[in-house]
Amino acid sequence: MTTNIDLLALWHAGVAAVGGDASVRIALENSPLPAPDRIIAVGKAAAAMARPAVERWPDKPCLIVTKYGHGATAPVGVEVIEAAHPVPDAASLRAGQALYDAVAACGPRDHLLMLVSGGASSLAELPEGGMSLEDLQQRTQAMLASGADIAAMNAERRALSQIKGGKLLAGFRGARVSTLALSDVEGDALSVIGSGIADAPQERDFHFVPSIVASNAIAREASAAACPVAVVENSETLYAEVNTLAPRIAANIMAAPAGVHVLGGEPVVVLPDTPGMGGRNMALALGLAREIAGTRGLRILVAGTDGTDGPTDAAGALVDGTTWDETGEAALANADAYPWLAAKGALIKTGPTGTNVMDLLIAHKDA
C-alpha cells in the first residue's frame, strides 16, 4: 500500500520547533533575565530572535545584524544592518564596526544581552592587521571552495578577525553578558557559532551566562514526532563532502525497512574553478537523485533550516527515483544544481524562516 507522506510538512514542523522568536521567548519565560541595558542580535535569525526581547524591554537600544532579506520582520524602531552571506561585503565591515562600538559603549554596571545565530561569521567582520575587503573576500571564497568543514573555516576566521573567538567581548567593560544562541554547528559549541562572536575571552571581569536555546537535534525530534509512520533513523550525520554522502545515504536508506529517515548536519562541497549556481543541499539532493534513479517509492528532501541554500533563493530540493537523467552529470561537475533542479520542478523555496540550525534531510521509503 502506498503511503503519501508530506516531507515538506515534516521539514516545516522541525523548523517551527526551533524558530528564533519562539526559542528566545521560551528561554526568557523559563529562565528570566535581569533587564539588559543593551541588546545585540546577530546572524540569519537575528530579527526573529530580537522580537521577544524588544517586546519585553522596548526602551533598550537594540542592534540587529542579519542577512540581506532577513531583516524585514525586525521590530520597529531598532537599528538593522543587512549584509552578505556566505562571502562578506562592505556592509559586513560596517556591521562589524557597529558591533564593536556597541560593546565598547557599555558602562561598568551594564548588562548586555547577545542573541546569536548562524551566519554571523560572514555578516559581521572587522579584519585584523588592516586586511582589505578584497583580500578577506578572496580568503573566504577559497575556504568555501576547498570543502573545508565549519571547524576549519572558523579557526581561520578567528585568526583574521578582531571580533571573533572571544575578541568582541574582550572589549566589554560592563557587569554581565547573557548570550542566547541558536546552534548551527556540530556539538553546539558557543566558541564555534559565528566563529565565537558571542563567546567570552578566557580572562574576563564580567559575569558570563551562555545558553543554547535551539539546535538541530530539537528540529529533528520535532520532524520525527510529526511523522505518521515509523521513523527508522534520526541522527546528525550530514558531515562529509556531498559526493561521499550521497552514495552512503542512498545505500543505507534503500537497505533499510520502510519508513522515514530524519538526518541533520551540514555537508560540504568542493567547488570547481568556475562554479555555477547552487548550494550544498541542492548538490546533495542532485547526487542522491543519481543514486536512487529508477527506485520506486523513495523520496528525499534536503533543505537548509534557514530557508536559503548558498547564494540562492531556494532552501534545497526534493527528489525521487524519476528526477535523474544523464544531463545531471554536468550540473554536478559544475556545481550548477539550481537551474537543473529548477527545470525538474524539484526546488524548495520557503523564504527566510527566522532560524538557522544547519540542514535537514527527510526521506520516506514506502512499503
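**Entry 1: the sheet**

I count two strands as paired if DSSP finds at least two bridges between them. I am working on a predicted model.

I looked up the strand order first. The open sheet has 6 strands, and I read them as S7-S8-S12-S9-S10-S11. The pairing in this sheet is mixed. I noted that strands of a sheet pair through backbone hydrogen bonds, either parallel or antiparallel.

Which strands sit at the edges? I found S7 and strand S11 (347-348) there, each pairing on one side only.

Next I checked how S7 meets strand S8 (residues 259-265). The two run parallel, and 6 bridges join them. I picked out one pair: Glu-233 stands opposite His-261 in S8.

**Entry 2: helices on the sheet**

I then looked for helices against these strands. H8 packs on the sheet and touches S7, S8 and strand S12 (359-365). I noted an angle of about 160° between the direction of H8 and that of S7.

Helix H10 (residues 280-291) was my next stop. H10 lies across S7, strand S9 (298-304), strand S10 (316-320), S11 and S12. Against S9, H10 runs at about 165°.

I also checked the loop that leads from helix H8 (216-225) to strand S7 (231-238), and found Val-229 in it. Is Val-229 buried, exposed or partly exposed? Its relative accessibility is 25%, so I put Val-229 down as partly exposed. I took one distance from here: the C-alpha atoms of Val-229 and His-12 are 17 Å apart, with their places 217 residues apart along the chain.

**Entry 3: the second largest pocket**

I moved on to open spaces. The second largest pocket has a volume of about 180 Å³. I listed its lining, which includes Asp-149, Ile-150, Asp-184, Val-185, Glu-186, Val-192, Tyr-239 and Met-358. By class, I have 8 nonpolar and 4 charged residues, and no polar ones.

I followed one lining residue, Val-185. Where is Val-185 found? I traced Val-185 to the loop between strand S5 (176-182) and strand S6 (207-214). Its relative accessibility is 1%, so Val-185 counts as buried.

What does Val-185 touch, not counting residues up to four places away in sequence? I found Ile-150, Val-192, Ile-193, Tyr-239 and Met-358. Ile-150, Val-192, Tyr-239 and Met-358 are also in my pocket list. I noted a C-alpha separation of 8.5 Å between Val-185 and Asn-216, which are 31 residues apart along the chain.

**Entry 4: the cavity**

How many cavities of 30 Å³ or more are there? I counted 1. About 80 Å³ of space lies in the largest cavity.

I checked which elements give two or more residues to its lining. They are helix H5 (120-123), helix H6 (133-146) and helix H7 (150-160). H6 gives the most, with 3 residues. Among the lining residues I wrote down Pro-86, Pro-88, Ser-121, Ser-122, Arg-157 and Lys-164. By class, the lining of this cavity has 5 nonpolar, 3 polar and 3 charged residues.

Pro-86 made me look at the backbone. The peptide bond from His-85 to Pro-86 is cis, with omega near 10°. I located Pro-86 in the loop between strand S3 (79-83) and helix H4 (90-104).

**Entry 5: positive phi**

I stayed with the backbone. Ser-195 has a positive phi of about 60°, although it is not a glycine. I found Ser-195 in the loop between S5 and S6, where I had also placed Val-185. With a relative accessible area of 0%, Ser-195 is buried.

Ala-335 also has a positive phi, here about 50°, and is not a glycine. I placed Ala-335 in the loop between helix H11 (328-333) and helix H12 (337-343). Is Ala-335 buried or exposed? Buried means under 20% relative accessible area. Ala-335 has 18% relative accessibility, so I marked Ala-335 as buried.

**Entry 6: helix H2**

I ended with helix H2 (residues 20-30). Which of its residues are buried? I listed Gly-20, Asp-21, Ser-23, Val-24, Ala-27 and Leu-28. I then looked up their partners. The buried residues of H2 pack against helix H3 (46-56), strand S4 (111-116), S5 and S6.

Terms used. Residues numbered from 1 in each chain as written. Predicted model: local features only at pLDDT ≥ 70, side-chain atom pairs only at ≥ 80, totals over all residues. Heavy atoms only, no water. 1 Å grid on protein atoms, 1.4 Å probe; cavity = no way out; pocket = protein on both sides within 12 Å on 5 of 7 lines; lining within 4 Å. Points joined across faces, edges and corners; volume = space filled by probe spheres on them. Nonpolar A, V, L, I, M, F, W, Y, C, P; charged D, E, K, R; others polar. Helix = DSSP H or I, 4+ residues; strand = E, 2+ residues; numbered from the N terminus. Buried < 20%, exposed > 50% of the residue type's maximum accessible area, 1.4 Å probe, protein only. Contact = heavy atoms within 4.5 Å. Axes fitted to C-alpha atoms, helices over the stretch in contact; angles between N-to-C directions.
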